[in-house]
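Student: Before we discuss this model, could you take me through the reasoning behind each label, setting the values against the cut-offs?

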Amino acid sequence: MYKTIIDFKIAGIPCKIGLIHYLNIKGDPKACNPDDFYGYTELDYDVLTVRGKKADWLIKKMTDADELAIEEAVKDEFNAWNEE
């Protein structure tokens with residue numbers, strides 16, 4: 001079900017991020033469409049306990065900074081895959 005699972009912390013609580021979908025389109029300065037010009041990221045994930053069960057209660061503790069950190073962690077994970 002998950003493409004990858006990343007260790008993470010939300011509000012200091014250890015958890016995992018189960019990645020369902022990730023697409024990162026880099027910007028193209030020759031594009032006419034704003035989305036293609038600036039680029040965009042599609043990200044869909046579940047927050048999981050350390051044992052792998054969905055943790056909807058932990059989502060309520062998430063901040064905007066957590067969401068940005070999750071996006072960065074996913075990008076780092078995929079960049080590491082591309083370097084191998």
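Tutor: Let us start with exposure, where buried means under 20% relative accessible area, exposed means over 50%, and partly exposed covers what lies in between. The model is a predicted one, and Glu71, with a relative accessible area of 23%, is called partly exposed because that value falls between the two cut-offs.

Student: What makes the contact of Lys75 with Glu71 a salt bridge?

Tutor: The rule asks for a side-chain nitrogen of Lys or Arg within 4 Å of a carboxyl oxygen of Asp or Glu. The closest N and O atoms of Lys75 and Glu71 are 3.6 Å apart, so the pair qualifies. Both residues lie in helix H3, 4 residues apart, about one turn of the helix.

Student: How many salt bridges does this rule give, and which residue does Lys16 pair with?

Tutor: The count comes to 3 salt bridges. One of them joins Lys16 to Asp7, with the closest N and O atoms 2.6 Å apart, and another joins the side chains of Lys54 and Asp46 at 3.8 Å, N to O. In general, side chains of opposite charge can pair when their charged atoms come close.

Student: Why is Asp46 called buried, and why is Lys54 called exposed?

Tutor: Asp46 has a relative accessible area of 14%, which is under 20%, so it is buried. Lys54 stands at 51% relative accessibility, which is over 50%, so it counts as exposed. In the bridge between Lys16 and Asp7, Lys16 is partly exposed because its relative accessible area of 22% lies between the cut-offs, whereas Asp7 is exposed because its 57% is over 50%.

Student: How do you know that Asp66 has no salt bridge?

Tutor: The nearest side chain of opposite charge, Lys61, is 10 Å away, and the rule requires an N to O distance within 4 Å, so no salt bridge is assigned to Asp66. Asp66 is nevertheless buried; it is found in helix H3, residues 64–83, and, leaving aside its neighbours within four places in sequence, it is in contact with Phe8, Lys9, Ile10, Ala11 and Lys61.

Student: What makes Lys61 a contact of Asp66 when Lys61 is 10 Å away by the charge criterion?

Tutor: Contact means heavy atoms within 4.5 Å, and Lys61 touches Asp66 in that sense, as it also touches Ile10, Ala11 and Ile13, not counting residues up to four places away in sequence. Lys61 lies in the loop between helix H2 (56–59) and H3, and its relative accessible area of 44% makes it partly exposed, because that value lies between 20% and 50%.

Student: What makes the phi of Ala11 stand out?

Tutor: Phi of Ala11 is near 55°, a positive value in a residue other than glycine. Most residues other than glycine have a negative phi. Ala11 sits in the hairpin of E1 and E2, which has 2 residues between the strands, and at 52% relative accessibility it counts as exposed because the value is over 50%.

Student: How do you know that E1 pairs with E2, and E2 with E3?

Tutor: Two strands pair if there are at least two bridges between them. E1 and E2 are joined by 7 bridges and run antiparallel, with Ile6 opposite Ile17 in E2; E2 and E3 pair in the antiparallel sense over 10 bridges, so both pairings satisfy the rule. Along the E2–E3 pairing, Ile25 stands opposite Tyr40, and Tyr22 stands opposite Leu43.

Student: Why is the sheet called open?

Tutor: The 3 strands follow the order E1-E2-E3. E1 and strand E3 (39–48) stand at the edges with a single partner strand each, so one side of each is left without a neighbour in the sheet. Neighbouring strands are turned by 40° against each other on average, direction ignored.

Student: Which residues have the most contacts inside the largest nonpolar core?

Tutor: They are Ile10, Val47 and Val74, in a core of 14 residues. E1, E2 and H3 each supply at least two residues of this core, and the largest share, 4 residues, comes from E2.

Terms used. Residues are numbered from 1 along each chain as its sequence is written. This is a predicted model: local features need pLDDT of at least 70, side-chain atom pairs count only at pLDDT 80 or more; totals for chains, interfaces and linings use all residues. Side-chain values use heavy atoms; hydrogens and water are left out. Buried means under 20% relative accessible area, exposed over 50%, partly exposed in between (1.4 Å probe, protein chains only). Axes are lines fitted to C-alpha atoms, for helices over the stretch in contact, and angles run from 0 to 180 degrees between N-to-C directions. Lys and Arg count as positive and Asp and Glu as negative; His and the chain ends are not counted. A nonpolar core is a set of buried Ala, Val, Leu, Ile, Met, Phe, Trp, Tyr and Cys residues joined through side-chain atoms within 4.5 Å.
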